[in-house]
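Okay, thanks for coming, everyone. Let me put the structure on the screen and talk you through the parts I looked into.

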Amino acid sequence: MTGSPETKRVFIKTYGCQMNVYDSDRMADALAAEGYAATDSVEDADLVLLNTCHIREKAAEKVYSELGRIRVAKEAAARQGRRVVVGVAGCVAQAEGAEIARRAPVVDLVVGPQSYQHLPALLDEVGRGRRPIETDFAIAEKFERLPAASAARIRSRGVTAFLTIQEGCDKFCTFCVVPYTRGAEVSRPVARIVEEPERLAAAGVRELTLLGQNV
């Protein structure tokens with residue numbers, strides 16, 4: 001990766017549902033612990049992450065179109081001697097991991113929505129010249145291992161927040177991809193569901209939206 005830990009920048013673009021917004025915040029928290037600060041510009045970023053949705057119409061094609069634009073920025077940075085790492089996360093990553101790697105050489109890593117806790121290790125693999133694809137369904141491990149946001153980061157996001165209390169679904173409806181992209185139905189332990197809002201409230205959050213695929 002380029003630069004010192006103090007100067008690394010991450011750009012995260014979020015597609016789709018409120019749960020993806022929550023996940024993007026948790027990825028940003030995990031990366032903050034690794035020295036990454038958020039940026040609103042792809043051109044300034046050392047790491048670009050697309051947190052994708054597989055539900056909306058033509059969702060995958062929108063991701064590939066965005067990757068084409070990111071490729072231009074990545075090539076421009078390379079001409080300046082700066083390396084930019086590009087990752088695809090979320091439900092499209094889960095559903096089409098190998099296909100993304102095949103169709104989009106600009107992508108350095110692919111990580112599904114239950115594997116964000118592995119982001120630092122995946123970035124280390126990229127640094128060693130590998131191109132990791134991580135799409136395990138370790139929902140409980142995800143929540144246990146993702147670091148909590150600092151009070152300052154919580155305050156910077158305003159007085160509203162999302163809280164995932166459950167993920168996945170066991171119904172396997174014909175029209176729905178959720179069981180294939182979010183995995184089996186898993187609820188977070190009650191103690192964790194109580195603990196996180198207490199921390200959010202202490203940092204100034206006043207409105208909380210509970211999230212889950214099958215609540």
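So, Arg26: buried or exposed? At 7% relative accessibility, with the limit for buried at under 20%, Arg26 counts as buried. I should say right away that this is a predicted model, so please hear everything that follows in that light. Arg26 lies in helix H1, which runs over residues 18–32. And what does Arg26 touch, if we skip residues up to four places away in sequence? The answer is Phe143, Leu146, Pro147, Ala148 and Glu196. If you're wondering about Ala201, that residue is 175 positions from Arg26 in sequence, and the two C-alpha atoms are 17 Å apart in space.

Stay on H1 for a second, as Asp29 is also in that helix. Asp29 has a relative accessible area of 5%, and that makes it buried. Leaving out residues up to four places away in sequence again, Asp29 touches Pro147, Ala149, Arg153 and Arg157. So Pro147 turns up in the contacts of Arg26 and in those of Asp29. Take Ala149 from that list: 120 residues separate it from Asp29 in sequence, yet C-alpha to C-alpha they are 5.5 Å apart.

Let me zoom out. The protein chain has eight helices and ten strands. For 215 residues, a compact globule would have a radius of gyration near 17 Å, and the chain comes in at 17 Å, so the two agree. The C-alpha trace spans about 50 × 45 × 30 Å along its principal axes. Of the 215 residues, 47% are buried. Then there are the contacts with a sequence separation of 6 or more: 71% of those are between residues 24 or more positions apart. As for the outside, the accessible surface is about 10,500 Å², and carbon and sulfur atoms account for 52% of that.

Now the inside. The largest nonpolar core has 24 residues, and the members touching the most other members are Val48, Leu67, Val88, Ile100 and Val107. Which elements give two or more residues to this core? Those are strand E3 (47–52), helix H2 (59–79), strand E4 (85–89) and helix H3 (90–103). H2 gives the most, with seven residues. There's also a second, separate core of 17 residues, and Val10, Ala89, Val111 and Tyr116 are included in that one.

Val88 is a good one to click on. Not counting residues up to four places away in sequence, Val88 touches Leu50, Thr52, Val63, Leu67, Ala93, Ile100, Val107, Leu109, Val110 and Val111. Notice that Val111, on that contact list, is a member of the second core.

On to the rings. The structure holds one aromatic pair. Phe172 and Tyr180 have ring centres 5.4 Å apart and planes at 80°, and over 60° counts as edge-to-face, so that's what this pair is. How covered are the two partners? Phe172 is partly exposed at 47% relative accessible area, while Tyr180 is exposed at 52%. Phe172 sits in the loop between strand E8 (166–167) and helix H7 (178–181). The backbone there caught my eye too: Phe172 isn't a glycine, but it has a positive phi of about 55°.

There's another ring to look at, Tyr64. Arg103 lies over the face of Tyr64, at 3.7 Å from the ring centre.

Two loop residues before I stop. Glu43 is in the loop between strand E2 (36–38) and E3, and at 54% relative accessibility it counts as exposed. Glu43 still has contacts beyond four places away in sequence, namely Ala73 and Arg82. What about Lys74? The C-alpha atoms of Glu43 and Lys74 are separated by 7.9 Å, with their positions 31 residues apart along the chain.

The other one is His118, in the loop between strand E5 (109–111) and helix H4 (119–127). Is His118 buried or exposed? With a relative accessible area of 14%, His118 is buried. Lys142 is 24 residues from His118 along the chain, and their C-alpha atoms are 8.5 Å apart.

That's it from me, so over to you.

Methods. Residues are numbered from 1 along each chain as its sequence is written. This is a predicted model: local features need pLDDT of at least 70, side-chain atom pairs count only at pLDDT 80 or more; totals for chains, interfaces and linings use all residues. Side-chain values use heavy atoms; hydrogens and water are left out. Rings of Phe, Tyr and Trp (its six-membered ring) pair if their centres lie within 6.5 Å; planes under 30 degrees apart count as stacked, over 60 as edge-to-face and the rest as tilted. Buried means under 20% relative accessible area, exposed over 50%, partly exposed in between (1.4 Å probe, protein chains only). A charge sits over a ring if NZ of Lys or CZ of Arg is within 6 Å of the ring centre and within 35 degrees of the ring normal. Helices (H or I, at least four residues) and strands (E, at least two) are DSSP runs, numbered from the N terminus. The radius of gyration is taken over C-alpha atoms; the globule rule is 2.2 Å times the number of residues to the power 0.38. Contact means heavy atoms within 4.5 Å. Accessible areas come from the Shrake-Rupley method with a 1.4 Å probe; for residues, only the protein chains shown count as cover. A nonpolar core is a set of buried Ala, Val, Leu, Ile, Met, Phe, Trp, Tyr and Cys residues joined through side-chain atoms within 4.5 Å.
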